[in-house]
Amino acid sequence: MLRRIVQDVETGKPKLRQRGYVYQKGKKKGDEWNPTERTYGRYRIDIPGVHRQKEVRIALGYCHDELDAMLKLQQEMTDAGVRDLEKVRECISSTASFREQAAWWVAEMSAGRIVNAKKRELIDPNTINAYQNAVAYLNDQVGNLPLASIDNPQAKTLISKMKSECRADGQRRFSDKTIFEYFRVLRRVIASVLDENFNSVHHRSWNLAAIGLPRVNPKKQRRPTLTAKEVTTLLSKAEGQYQMFYFFCLVTGMRVSEAVAVEIDKHVESDCSIIYVRQQREKREDCVKSHLKTESGCRDVDIHPDAAAILRNFISSRKSGFLFQSANGTMFDPRNIARDSLEDILQEMGRGEAGTLFNVFRRFREVVLQRSDARQILIDYWMGHSNASMGDRYGRQLVEDIEYRQEQVKKVGLGFELPPRLFGLRGLQIVENIAAA
């Protein structure tokens, strides 16, 4: 099949052999050209996954001479991609279907042979799970198509279908963000086929406007937050360990997966003034992993003295184990917390639309910190934000200065009023002392 690509004698570079053929009906080669008769052209195209080429015949209209007809035919062939060397190579090379390539792609990531392109690190299992969900849907839509045949028209059909699908309640099945992410998975699967030089075989020039890909506006994404008054109300309605867990998330700004994985003997300073974030809970399994969401996730979170006092009272005489744990000593499952407590409280407060529930605590802490006089370098550090600015390098000594950090966290404060109950007798005395001060 590679006879369709030949080597140019002058330049030594590969070029396409096919030039097409023009003719007028009823005339043989060598007959005089008649500009008043209609002209036709003929060429062949390659179909992905098919050995033989398909012949295409088109009408070229009236042409002054054979050269004029050939120029028109060449333009038609260019528009059809027949004269694109890369597309011809892509079509005639042996190629798998989308389903086959996607299965290989996921397996390579799981085995660690495909890594994060920027960090050169293993791809997080939670990210791979998200890719698998996207691939499962895409397989139903384009799984049997050869990769070479998936281009802008097929992407447009896919996106239109995703936009039109609805759930049983009549709401859209896919948000704009989900459609964007699924399309990104489609692109990555197609681009994952490499040649012997590790260059992508299937080159695409995606026309995002023409295929109707939604533009995700971060300002319009649902990011619900709680006011200080709502935070106090939520804490007043919560009970037992749930109340303390919400309090802990509010004063630390930690991700829920990090908060449930805190162990007393490993990650809590003896006076509860610092929480050392070193691990998090695996999303779908009841186990911890030391690989955090980002490199900046490994941090030391300083605690306000009043919050540290309440935390010491909560820990009491315990010396080990998870800070928050079930009756049999196992780690809290965020899904159970949401089901058994948080969802009902938010519904009662009229905030059932809170979206990703636990993120409201992290966003509230971010607001409290931004309103304070704390330096941005400390805010980014406490929250575990990934920040590549030069300010991080120049101001790194602030992060390493524990006395300065402790002074700043005192100035920040808690950001809300403490409900005077459910923290125990010692905790109640602390709350009264705070109120008196």
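Is glutamate 348 buried or exposed? Glutamate 348 is exposed, with a relative accessible area of 56%; here exposed means over 50% relative accessible area, buried under 20%, and partly exposed in between, for a 1.4 Å probe and protein chains only.

This is a predicted model, in which local features need pLDDT of at least 70 and side-chain atom pairs count only at pLDDT 80 or more, while totals for chains, interfaces and linings use all residues. Residues are numbered from 1 along each chain as its sequence is written, and side-chain values use heavy atoms, with hydrogens and water left out.

**Salt bridges**

A search of the whole structure yields 20 salt bridges, each being a side-chain nitrogen of Lys or Arg within 4 Å of a carboxyl oxygen of Asp or Glu. Three pairs are set out below.

| Pair | Closest N to O distance |
|---|---|
| Aspartate 151 and arginine 204 | 3.9 Å |
| Glutamate 348 and lysine 237 | 2.9 Å |
| Arginine 405 and aspartate 302 | 2.8 Å |

The salt bridge between aspartate 151 and arginine 204 has its closest N and O atoms 3.9 Å apart. This pair links distant parts of the chain, with aspartate 151 in the loop between α4 (125-142) and α5 (152-164) and arginine 204 in the loop between α6 (176-191) and α7 (228-237), 53 residues apart. Helices (H or I, at least four residues) and strands (E, at least two) are DSSP runs numbered from the N terminus. Both aspartate 151 and arginine 204 are buried.

The side chains of glutamate 348 and lysine 237 form a salt bridge at 2.9 Å, N to O. Because glutamate 348 lies in helix α12 (residues 334-348) and lysine 237 in helix α7, the pair ties together parts that are 111 residues apart in sequence. Lysine 237 counts as partly exposed, at 33% relative accessibility.

Arginine 405 meets aspartate 302 in a salt bridge whose closest N and O atoms are 2.8 Å apart. Distant parts of the chain are again linked: arginine 405 is in helix α17 (residues 402-412) and aspartate 302 in strand β9 (residues 299-302), 103 residues apart. Arginine 405 and aspartate 302 are both buried. Elsewhere, a network of salt bridges links Arg42, Glu55 and Arg57.

**Helix α8 and the nonpolar core**

Helix α8 (residues 240-252) has 13 residues, which at 1.5 Å a residue should span 18 Å; its end C-alpha atoms are 19 Å apart, which agrees. The expected span is 1.5 Å times one less than the number of residues. Of the 13 residues of α8, 10 are buried, including Tyr246, Phe247 and Phe248. Glycine 253, just after α8, takes a positive phi of about 70°.

The largest nonpolar core has 63 residues, among which Tyr246 and Phe416 touch the most other members. Such a core is a set of buried Ala, Val, Leu, Ile, Met, Phe, Trp, Tyr and Cys residues joined through side-chain atoms within 4.5 Å. At least two residues of this core come from each of α7, α8, β6 (274-277), α11 (305-315), α12, α13 (359-371), α14 (376-383) and α17. The greatest contribution is that of α8, with 8 residues.

**The cavity**

The structure holds 1 cavity of 30 Å³ or more, and about 30 Å³ of space lies in the largest cavity. On a 1 Å grid over the protein atoms alone, a cavity is a set of points where a 1.4 Å probe fits but cannot get out, and lining residues have an atom within 4 Å of a point. Grid points are joined across faces, edges and corners, and the volume is the space filled by probe spheres set on the points. The lining consists of Val251, Thr252, Val301, Asp302, Arg365, Trp382 and Val409. Two or more of the lining residues come from each of α8 and β9.

**Backbone features**

Most residues other than glycine have a negative phi. Cysteine 272, although not a glycine, has a positive phi of about 65°; cysteine 272 lies in the loop between α10 (264-267) and β6 and counts as buried at 3% relative accessibility. Serine 316 likewise has a positive phi, of about 60°, and is not a glycine. Serine 316 lies in the loop between α11 and α12 and is exposed, with a relative accessible area of 52%.

Technical notes: 1 Å grid on protein atoms, 1.4 Å probe; cavity = no way out; pocket = protein on both sides within 12 Å on 5 of 7 lines; lining within 4 Å.
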